[in-house]
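Have your viewer open and your selection tool ready. We will go from one stop to the next, with a word on what to look for at each.

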Amino acid sequence: MDKRAVFRSWWLPTAFALPQLALIALFFYWPAVAVVRWAFTLEPPFGGSAEFVGLANFRDVFADPLYWNSVVVSLTFALAGTLSTIFIGLVLALAVDRQLPGSGAVRFLYILPYAIAGPAAGMAFRFILSPERGLMASVNSAFPDFWNPAKYGSHALILVIVVFAWKWAGYTFIFLLAGLQSVPKSLTEAAAMDGSGPVRRAIDIQIPMLAPTLFFLTVIMMTEGFVGADTYGIVARTTDGGPNHGTDVMVYRIVEEAFRGLNYSGASAQSIVLIGLIMIFTFIQFRFVERRVHYK
Amino acid sequence: MADITIRAVRKSYGKTATLHGIDLAFASGEFVVILGPSGCGKSTLLRMIAGLEDITGGEIEINGRVVNKLEPRERGCAMVFQNYALYPHMTVADNIGYALKVAGVPKAERRARIAETAKIVGLGDYLERKPAALSGGQRQRVAMARAIIREPGVFLFDEPLSNLDATLRVTMRAEIRKLHQRLSATSVFVTHDQVEAMTLADKLVVMNKGHVEQVGQPLDIYHRPASTFVASFIGAPPMNLMDARIDASATVARHEHLAIPISSAMAAALAGRDVTLGIRPEECRVVPAGEGLPARVDFVEELGSGRIVHAAFGSRIFAAAIPLDIRVASGDLIGLALPPAQLHVFDRETGRRLDVTHSIGRYEPVRQAAEAV
């Protein structure tokens with residue numbers, strides 16, 4: 001029997017929970033319900049009565065080639081972002097886990113970027129990787145247009161993925177390091193006795209033992225890449241969705257359409273599609289990937 | 001087959017030294033047991049041989065080759081860990097065959113050798129299981145198979161039996177011994193369990209606080225402990241020890257108000273010295289009150305085959321192992337007889353054994369190891 005304190009009256013616990021419930025209702029449920037309502041109506045941008053239009057908003061969204069472009073961009077961004085953050089975080093964690101002299105300070109430095117806001121990092125990278133003045137300027141002077149995110153959509157997409165990876169690698173690093181440190185030391189020692197070098201040990205022993213952490217991070221990073229506030233912030237401050245919609249990720253498109261284009265209904269319909277996509281992805285991950293994860 | 005030489009090996013972590021100059025030599029094919037209380041540095045020494053710890057000072061030589069700078073895989077050692085350290089995501093077969101896989105042995109040969117090794121340790125039917133689906137004893141066997149398959153020159157065991165229950169421990173102990181006879185590799189076995197140490201060892205190394213206290217055959221160490229530490233660490237219950245001063249004129253050792261008869265040779269050799277006297281519980285005899293030295297029974301432990309009397313003797317409690325036909329109860333006044341020939345003498349200051357025979361040539365306090373064996 002677990003003992004727990006039980007309130008005798010019903011109103012006291014309700015009063016305690018009320019502020020939190022009010023906040024959730026105000027900032028979560030109300031907007032969510034509004035989005036669903038707007039998705040099926042034509043919402044006048046400057047107020048007034050809305051007209052029910054059924055699935056017309058969705059038909060418009062799916063008929064727009066720019067929408068499908070943003071789906072592809074978002075997929076690319078989320079996949080590349082997830083893979084690169086996890087890969088970088090893993091390499092850093094494996095290195096720090098060896099506990100060579102100075103690893104404590106280095107560990108702190110690796111986590112630091114996570115504390116910087118995405119838009120700020122985006123601004124910084126606009127300068128760092130600016131084609132005229134940044135790190136790539138000397139390469140550009142030898143090979144003109146080798147790197148120009150202002151001109152080529154693919155370069156711009158690489159740029160925002162770099163910013164995303166730079167910031168979020170610190171996040172995956174924390175989890176992966178914690179995961180590595182919970183792998184019994186005797187396992188890697190046994191592998192060392194079995195003749196396995198550091199890289200081989202990482203691949204054969206440590207990474208399989210990290211499977212639960214890797215799975216968790218895949219789900220989290222995919223979601224972050226698709227709908228994360230940072231994804232919007234980075235794109236908005238670094239490339240503004242351009243050039244020519246080259247970095248027009250779904251969240252950016254939704255915010256732009258709603259608040260710059262004042263098309264609340266179209267943006268709401270896109271939001272609902274995006275939520276559906278996230279649910280499908282997460283379902284696939286749990287259904288097919290998690291089976292191969294060993295938790296013991 | 002490999003011999004191991006350890007020369008002036010030291011280990012320190014920062015400023016704390018845990019091993020203070022260890023010198024040992026293990027012959028090829030020998031079964032060496034390193035015994036000591038926890039924290040004495042025995043596991044550290046084993047891990048230094050394995051290559052899992054850096055060597056702060058001194059040299060370790062395996063088969064005539066100094067291995068200080070070699071990676072674990074280059075030293076030709078295999079190790080069985082205390083918690084087995086099985087790879088949880090691999091099957092038993094993959095666990096056993098991992099070393100071969102790393103070494104690039106072709107798959108067919110690998111499979112044959114895994115099957116053969118699994119048969120040696122009696123795991124033939126479990127090859128496709130994961131370690132989580134095995135019992136403690138089976139996991140232990142997998143860990144041994146993983147070491148055997150590499151055909152190493154040196155087997156290292158780091159307290160491999162301490163996670164098993166008592167019955168299984170006895171079985172596995174016997175199996176390890178049999179395996180050693182079959183493979184005839186040099187084995188170094190670390191334990192804090194004196195029964196394991198006595199039963200397994202060809203050569204026993206007793207360690208304490210980063211020093212080697214004594215090296216020798218198990219029985220030799222039992223009968224001629226080199227220090228009070230070894231005397232009290234080996235044997236159950238441990239040897240009774242008491243401070244005493246040798247009184248040559250009366251041929252006794254005086255401990256508080258008690259006078260313990262000693263041999264005249266000892267009295268002459270150690271006249272007036274402050275010593276520590278020791279006697280094993282098995283050598284103490286219980287005699288009727290009035291005879292021997294007076295003692296009062298504190299409590300009695302029944303062992304079935306005999307009993308152990310704990311009796312207040314002066315200000316300390318003495319243990320005496322007695323046969324079943326002597327009946328005593330708590331509170332009884334009894335006499336304790338301590339045969340002078342069975343007394344061990346240690347220097348009070350250093351705790352080292354005083355072997356009067358060797359230093360003076362007149363006095364032999366205990367039987368020779370050769371007779372004992």
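**First stop: a residue and its contacts**

Select A:I128: leaving aside residues up to four places away in sequence, A:I128 touches A:G134 and A:L135. Touching here means contact, that is, C-beta atoms placed from the backbone lie within 7 Å. Before going on, note that this is a predicted model, where local features need pLDDT of at least 70, side-chain atom pairs count only at pLDDT 80 or more, and totals for chains, interfaces and linings use all residues. Residues are numbered from 1 along each chain as its sequence is written, while chains are lettered from A and ligands numbered from 1 in the order in which they are written.

Is A:I128 buried or exposed? A:I128 counts as partly exposed because 16 other C-beta atoms lie within 10 Å; buried takes 20 or more within 10 Å, exposed 12 or fewer, and partly exposed is in between.

**Second stop: two helices that cross**

Now select residues 118-128 of chain A, helix α5, where A:I128 lies. Helices are DSSP runs (H or I, at least four residues) and strands are E runs of at least two, numbered from the N terminus. Add α11 (residues 229-238) of chain A: the axes of the two helices come within 8 Å and cross at roughly 30°. Axes are lines fitted to C-alpha atoms, for helices over the stretch in contact, with angles from 0 to 180 degrees between N-to-C directions. α5(A) and α11(A) are therefore roughly parallel to each other, a label for angles under 35 degrees. Show side chains where they meet: A:G118, A:P119 and A:F125 are among the α5(A) residues, and A:D230, A:G233 and A:I234 among those of α11(A).

**Third stop: α9 of chain A**

Select residues 198-209 of chain A, helix α9, whose buried residues include A:R201, A:D204 and A:M209. The buried residues of α9(A) pack against α3 (65-97), α7 and α8 (185-193) of chain A.

**Fourth stop: stretches listed by UniProt**

An unreviewed UniProt entry lists "transmembrane region" for several stretches of chain A, including 66-96 and 269-289; such annotations may be inferred rather than shown by experiment. Residues 66-96 of chain A are 100% helix, with end C-alpha atoms 44 Å apart. Residues 269-289 of chain A are also 100% helix, with ends 30 Å apart by C-alpha atoms.

For chain B, an unreviewed entry lists residues 4-234 as "domain: ABC transporter". Over residues 4-234 of chain B, 36% is helix and 26% strand.

Definitions and conventions. Two residues are in contact if their C-beta atoms, placed from the backbone, lie within 7 Å. Angles under 35 degrees count as roughly parallel, over 145 as roughly antiparallel, 65 to 115 as roughly perpendicular and the rest as oblique.
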